[in-house]
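Visitor: I am new to this structure and would be grateful for a close look at a single part of it. Please take one helix, describe what surrounds it, and follow the description outward from there.

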Amino acid sequence: MAENRFSSESQDGVHVIHCISNLEADHEAEVEKSVKEWLLNPANLHILDLKGVLKIHGNNLRHFTKFKQALKANQKFLASINMSDTLYNTISGAGLKSVFNPFKSIEEAKKSSGVGSAKKGLKVDAEFLNPFLTATKTTLETQASLKLNPGKPFVKKTREASNIDVAGVLNLTCAQFSGSIAICFPAAVFLKIYEKMLGEVHQAINQEVQDAAGEILNIIFGQAKTMLKEKGFNLERAIPTVLAGDNLKVQFSSSSPAIVLPFESDVGTFHMEIVLDSES
Amino acid sequence: MFKPETKILIVDDMTTMRKIVQKSLREMGFSNFVEAADGQKGWDSLNTMGPFGLVVSDWNMPNVTGIEFLKRVRADSNLKTTPFLLLTAESEVEQVKEAVVAGVDGYVVKPFTTETLKKKIEEVAKKRNIS
């Protein structure tokens, strides 16, 4: 008689699935059947407890990928806990880290997903935006000796930006969101900031100078990433790109409206735009 | 402290950060620099344009990252004692631990002032008994 390789329990919108052994190729039928049953569970967060599991055969990985996709389509989450280093290396090597979404504990997974914890219903806007405000201020005050006053964030009414000549853009990806962030400067302001950062005076934005928009955003992102991790948002690393041109229009592919963070400085005003697409 | 003529390798994929580092190092009195745009190019420079008295490298770079570059340096019998300072925009504990285990001499979090970089370089010199 076949051994049952899974046991599970549900509480407060969280479905914890305990996997009690390695999942070999000949366990595929049981995995496939179990995934179908798990999908009937109404929980918003499904957590795989992989304690003691060192191997999951590729055929079974496919079923977990389908499980994740089905949950995602219904705006639900999949996470895992107690993943061994051996299994972590296999999962990472197969490019499936985002499928299993490993965490150290159930509490950490709940906090990250916002399900079944005190974080449920949290105001993502302020939680998410404040680290970017703080990081922008710190970065430009330290690196360019700039005096900076953040203005009140607002939702952009149109999808076009005005009076922008250079922008650093970066993708934001974590369990709760995917999206983009851009830091946008008029040429005159950007060239002044560049001068304050490097002591070089330029009359126009060229290839060499525009690189700074990417680096400024890179430093801001790094700091914000560290702050956001403490709040349960585990952003993936990303490398910025730079857009430049007269009266540039920064337009995100998302249909969501951009949130604008305006900044006043002693060399003029600039702003940051953030678009958060959806829960991933 | 390192002598002003010390040859320093600056590795970062962003031109701006290489310039910021170079500007700070000039303010400290250094003038002998080689730049590289990623860990692979840094590795090539170490092997073809050395010896270098100090490496200042970014962490998050395409191709070969700063930590991978550091591990290569520490695994090479000729280069393993090269003083190595890592720059990073992140300051997560796990990352610091990884760098320490890999044998980094110092760790500077961006954004940084010239004073901060100078202090870190002085700590490296002291640790390595460089005077």
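Guide: In this predicted model, helix α1(B) lies across four strands of chain B, namely β1 (7–11), β2, β3 (54–58) and β4, and runs at about 170° to β2(B). A second helix, α3 (residues 66–75) of chain B, also packs on the sheet. Helix α3(B) touches β1, β3 and β4 of chain B, and its direction makes about 170° with that of β4(B).

The sheet beneath these helices is open and has 5 strands, in the order β2-β1-β3-β4-β5 (chain B), with parallel pairing. Its edges are formed by β2 (32–36) and β5 (106–109) of chain B; each has a single partner strand, so one side of each is left without a neighbour in the sheet. On average, and with direction ignored, neighbouring strands of this sheet are turned by 20° against each other. At one edge, β5(B) runs parallel to strand β4 (residues 84–88) of chain B, to which 4 bridges join it. Within that pairing, L87(B) has V108(B) in β5(B) as its bridge partner.

Two loops of chain B deserve attention beside the sheet. The loop between α2 (39–49) and β3 of chain B holds P51(B), and the peptide bond from G50(B) to P51(B) is cis, with omega near 5°. The loop between β5 and α5 (114–127) of chain B holds P111(B), and here the bond from K110(B) to P111(B) is likewise cis, with omega near 0°. For context, most peptide bonds are trans.

The description now turns to the boundary with chain A. There, 23 residues of chain B are in contact with 26 residues of chain A. The area buried between the two chains is about 2,100 Å², and carbon and sulfur atoms give 53% of it. M14(B), K19(B) and P111(B) supply 27% of the area that chain B buries against chain A, more than any other three residues. P111(B) is thus both the residue that follows a cis bond and one of these three contributors.

K19(B) also forms a salt bridge with E208(A), in which the closest N and O atoms are 2.1 Å apart. Across the whole interface of chain B and chain A, 5 salt bridges are found, and 11 residue pairs are in polar contact. On the side of chain B that touches chain A, the elements giving two or more residues are α1 (15–27) and α4 (93–102) of chain B. The helix with which this account began, α1(B), gives the most to that side, with 6 residues. The residues of that side divide into 9 nonpolar, 6 polar and 8 charged.

Chain A has an open sheet of 5 strands as well, in the order β1-β2-β3-β4-β5 (chain A), but with mixed pairing. Here β1 (6–11) and β5 (102–103) of chain A stand at the edges; each has a single partner strand, so one side of each lacks a neighbour in the sheet. β1(A) pairs with strand β2 (residues 14–19) of chain A in the antiparallel sense, over 6 bridges, and in this pairing F6(A) stands opposite C19(A) in β2(A). Helix α1 (residues 28–40) of chain A packs on the sheet and touches β1, β2 and β3 (45–49) of chain A, its direction making about 10° with that of β1(A).

Note on methods. Residues are numbered from 1 along each chain as its sequence is written. Chains are lettered from A and ligands numbered from 1 in the order in which they are written. This is a predicted model: local features need pLDDT of at least 70, side-chain atom pairs count only at pLDDT 80 or more; totals for chains, interfaces and linings use all residues. Side-chain values use heavy atoms; hydrogens and water are left out. Contact means heavy atoms within 4.5 Å. Buried area is the accessible area (1.4 Å probe) that two parts lose on being put together, summed over both. A salt bridge is a side-chain nitrogen of Lys or Arg within 4 Å of a carboxyl oxygen of Asp or Glu. A polar contact is a pair of N or O atoms within 3.5 Å; within protein, one must be able to donate a hydrogen and the other to accept it, and residues adjacent in sequence count only if both atoms are side-chain atoms. Ala, Val, Leu, Ile, Met, Phe, Trp, Tyr, Cys and Pro count as nonpolar, Asp, Glu, Lys and Arg as charged, and the others, Gly among them, as polar. Two strands pair if DSSP finds at least two bridges between them. Axes are lines fitted to C-alpha atoms, for helices over the stretch in contact, and angles run from 0 to 180 degrees between N-to-C directions.
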